[in-house]
Amino acid sequence: VPMPTAALTATPASIQSGQQTTLTWVTTDAASVTLNGTAVALNGSHVDFPTATTTYTLVASNTTGSARATATVTVTIPPPMPTASLTASPASIQSGQSSTLSWNTTDAATVTLNGAPVARSGMEVVSPTTTSTYTLVASNVTGSITRSTTVTVTAPVVALTYLKDVKPIMDSNCVMCHSGPSPTADYDVSTYSGVMRNVTPYDPNSRLIQMTQPGGRMHGFLNPDPLGRAEIIRRWIVENGAPQQ
């Protein structure tokens with residue numbers, strides 16, 4: 001009886017943990033065949049899921065002797081899914097101001113910010129002119145993760161002052177009743193100090209706002225534009241802090 005022959009292949013020969021490989025073998029003149037010590041058919045195939053690098057040994061035997069063939073499957077353990085965080089500080093700015101983007105990642109092979117490659121962790125100062133969303137993508141062979149943050153851009157606050165914006169309203173709409181030696185309700189609005197008796201800077205509940213907003217007792221006297229003039233008074237107090245000039 002001639003000596004047996006044996007051939008063994010693994011396809012693919014390199015996999016990641018959890019993937020499969022197919023072992024295929026062919027023998028001639030064999031009476032018995034084992035694969036890693038387990039009896040198998042003289043010719044055949046077998047699907048396996050090795051979790052670590054493994055060498056498979058095929059032994060073909062007859063009364064004359066035996067032949068061996070080996071095949072090694074290299075198993076790599078993929079990295080964990082990357083993690084990522086992205087923040088903007090401050091998250092709301094006025095047009096012309098800046099915000100700082102800060103990000104951190106772990107287990108990332110590549111990182112992009114709005115499509116451009118960046119370091120795995122870092123900071124970047126941005127000055128968007130309109131509300132903008134920034135997207136960070138951290139990737140490796142296992143997968144990718146996306147994080148986004150938005151910087152809200154608002155128009156700059158227009159500086160309003162008492163002398164420039166509010167005094168003209170008081171002079172044309174209010175002083176005829178609220179001035180002089182006996183002002184109505186003992187409230188003289190002919191001077192800045194008199195107006196400030198009913199104003200707390202930055203306080204939307206200031207009495208002057210309550211009196212001049214829609215529904216307030218003085219709102220209807222702010223002709224010819226009650227809504228517009230009431231809004232100037234509100235913004236002067238709330239947004240600008242009620243400055244004199």
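Contact here means heavy atoms within 4.5 Å. With that in hand, let us walk through this predicted model, starting with a loop residue.

**Asp188 and the loop between α1 and α2**

Asp188 lies in the loop between α1 and α2. Setting aside neighbours within four places in sequence, Asp188 is in contact with His178, Ser179, Gly180, Pro183, Gly194, Val195 and Arg197. Its relative accessibility is 23%, so Asp188 counts as partly exposed, given that the partly exposed class runs between 20% and 50%. From the C-alpha of Asp188 to that of Met170 the separation is 10.0 Å, and the two residues are 18 apart along the chain.

The loop between α1 and α2 also holds Asp186. Asp186 has a positive phi of about 55° although it is not a glycine. At 54% relative accessibility, Asp186 counts as exposed.

**How α1 meets α4**

Two packed helices are described by the angle between their axes and the distance between the axes. Helix α1 spans residues 162-173 and helix α4 spans residues 226-238; they pack at about 140°, with their axes 10 Å apart. The pair is therefore oblique, since angles count as roughly antiparallel only over 145 degrees. The crossing of α1 and α4 is left-handed.

Which residues of α1 and α4 make the contact? On the α1 side they are Tyr162, Asp165, Val166, Ile169, Met170, Ser172 and Asn173, and on the α4 side Arg229, Ile232, Ile233 and Trp236. Sorted by class, this contact has seven nonpolar, two polar and two charged residues.

Ser172, placed in helix α1, has a relative accessible area of 40% and is therefore partly exposed. Ser172 and Leu222 are 50 residues apart in sequence, yet their C-alpha atoms are 8.5 Å apart in space.

**The nonpolar cores**

In soluble globular proteins, nonpolar side chains tend to be buried together. In this model the largest nonpolar core has 21 residues, and those with the most contacts inside it are Met170, Val189, Val195, Val199, Leu208, Trp236 and Ile237. The elements giving two or more residues to this core are α1, α2 (192-195), α3 (207-212) and α4.

Trp236 is a good residue to click on. Beyond its neighbours within four places in sequence, Trp236 is in contact with Leu160, Thr161, Tyr162, Val166, Tyr192, Val195, Met196, Val199, Leu208, Gly241, Ala242 and Pro243. A second, separate core has 16 residues, including Ala84, Ile93, Val111 and Leu113.

**Two threonines in strands**

Is Thr149 buried or exposed? Its relative accessibility is 12%, so Thr149 counts as buried, the cut-off being under 20%. Thr149 lies in strand β16, which covers residues 144-154. Apart from neighbours within four places in sequence, Thr149 is in contact with Leu86, Thr87, Ala88, Leu101, Ser132, Thr133 and Tyr134.

Thr24 is found in strand β3. With a relative accessible area of 35%, Thr24 is partly exposed. Leaving aside neighbours within four places in sequence, its contacts are Ala7, Leu8, Thr9, Gly44 and Ser45. One of these residues, Gly44, is 20 residues away along the chain, and its C-alpha is separated from that of Thr24 by 5.9 Å.

**Backbone details**

Some backbone angles are worth a look before you set up a calculation. Here they are side by side.

| Residue or bond | Feature | Angle |
|---|---|---|
| Ser89 to Pro90 | cis peptide bond | omega about -5° |
| Asn223 to Pro224 | cis peptide bond | omega near 5° |
| Asp29 | positive phi, not a glycine | phi about 55° |
| Asp186 | positive phi, not a glycine | phi about 55° |

Where do the prolines of these cis bonds sit? Pro90 is in the loop between β9 (83-89) and β10 (92-94), while Pro224 is found in the loop between α3 and α4. As for Asp29, its place is in the loop between β3 (21-28) and β4 (32-35). With 42% relative accessibility, Asp29 counts as partly exposed.

Notes:
Residues are numbered from 1 along each chain as its sequence is written. This is a predicted model: local features need pLDDT of at least 70, side-chain atom pairs count only at pLDDT 80 or more; totals for chains, interfaces and linings use all residues. Side-chain values use heavy atoms; hydrogens and water are left out. Axes are lines fitted to C-alpha atoms, for helices over the stretch in contact, and angles run from 0 to 180 degrees between N-to-C directions. Helices (H or I, at least four residues) and strands (E, at least two) are DSSP runs, numbered from the N terminus. Angles under 35 degrees count as roughly parallel, over 145 as roughly antiparallel, 65 to 115 as roughly perpendicular and the rest as oblique. A crossing is left-handed if the near helix is turned anticlockwise from the far one by less than a right angle, and right-handed if clockwise. Ala, Val, Leu, Ile, Met, Phe, Trp, Tyr, Cys and Pro count as nonpolar, Asp, Glu, Lys and Arg as charged, and the others, Gly among them, as polar. A nonpolar core is a set of buried Ala, Val, Leu, Ile, Met, Phe, Trp, Tyr and Cys residues joined through side-chain atoms within 4.5 Å. Buried means under 20% relative accessible area, exposed over 50%, partly exposed in between (1.4 Å probe, protein chains only).
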